[in-house]
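Please find below my notes on the aromatic pairs and on one lysine. They are meant to be read alongside the structure.

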Amino acid sequence: MNTLIIYGSQYGTTKRYAEKLAEISHFPVTSYEDVKTLDDYEQIIYFGALYAGGVKGLKKTVSRMSPNTKLIIVTVGLADVSDKENISNIQNSIRKQVPENLLKASSVFHLRGGIDYSKLNFKHKTIMKMLYHSLKNKPIENLTQEDKALIETYNKKVDFVDYDSLNQIVEVIR
């Protein structure tokens, strides 16, 4: 099957996962920003970073796919991927970006990424600072797991990348 790995990455964690899968699978890999057409591909494996309630570049990539292309979506974010509330929020975000008929036929995976506050641009630092300050004084019982993770990791460098988590994707594509 003619397959392409595409990624939408802001600070590099998602790109690292995509490149590692390309190394394992020997499929070509590229940024969504460099994609012109996807007509020649039967399968797209899309790695997208989670930002502000969306999956970076997913909607643009989906709009360039032919209707019969198989899609595998891999989200990468800071939040714990074993938390059901986090997964529900991610899935709702994907539903806003991918037509229902395509989503029903797609496989979706969620991987944990990381963050390095020293590399954030001014806009993202400001957003994270505002979010942190809005959360830090809330009663702990009112915080979600995602909120707690943000507070714990604020202004730090954390890396939850686990290349072994790619094995579940390798099983699907082989």
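**Notes on aromatic pairs and a loop lysine**

1. The count of aromatic pairs comes to three. This is a predicted model. In one of the pairs, Tyr-17 and Tyr-163 meet edge-to-face, with 5.9 Å centre to centre and 85° between the planes. Tyr-17 belongs to helix α1 (residues 13–25) and Tyr-163 to the loop between β8 and α7 (167–173), so this pair ties together parts 146 residues apart in sequence.

2. The two partners are placed as follows. Tyr-17 is buried, at a relative accessible area of 1%, whereas Tyr-163 is partly exposed, at 32%. Tyr-163 also has Lys-20 over its face, 5.4 Å from the ring centre.

3. Tyr-117 and Tyr-154 are paired edge-to-face, with ring centres 5.2 Å apart and planes at 70°. This pair links distant parts of the chain, 37 residues apart: Tyr-117 is in the loop between β7 (114–116) and α5 (122–135), and Tyr-154 is in the loop between α6 and β8. Both tyrosines are buried. Together with Tyr-132, Tyr-117 and Tyr-154 form one aromatic cluster.

4. Lys-156 sits in the loop between α6 (145–153) and β8 (157–159). Is Lys-156 buried or exposed? The residue is partly exposed, with a relative accessible area of 45%. Beyond its neighbours within four places in sequence, Lys-156 is in contact with Ile-115, Asp-116 and Tyr-117. Its C-alpha atom is 10.0 Å from that of Gly-114, a residue 42 positions away along the chain.

5. A further charge over a ring should be noted. Arg-112 lies over the face of Phe-160, at 3.7 Å from the ring centre.

Terms used. Residues are numbered from 1 along each chain as its sequence is written. This is a predicted model: local features need pLDDT of at least 70, side-chain atom pairs count only at pLDDT 80 or more; totals for chains, interfaces and linings use all residues. Side-chain values use heavy atoms; hydrogens and water are left out. Helices (H or I, at least four residues) and strands (E, at least two) are DSSP runs, numbered from the N terminus. Buried means under 20% relative accessible area, exposed over 50%, partly exposed in between (1.4 Å probe, protein chains only). Contact means heavy atoms within 4.5 Å. Rings of Phe, Tyr and Trp (its six-membered ring) pair if their centres lie within 6.5 Å; planes under 30 degrees apart count as stacked, over 60 as edge-to-face and the rest as tilted. A charge sits over a ring if NZ of Lys or CZ of Arg is within 6 Å of the ring centre and within 35 degrees of the ring normal.
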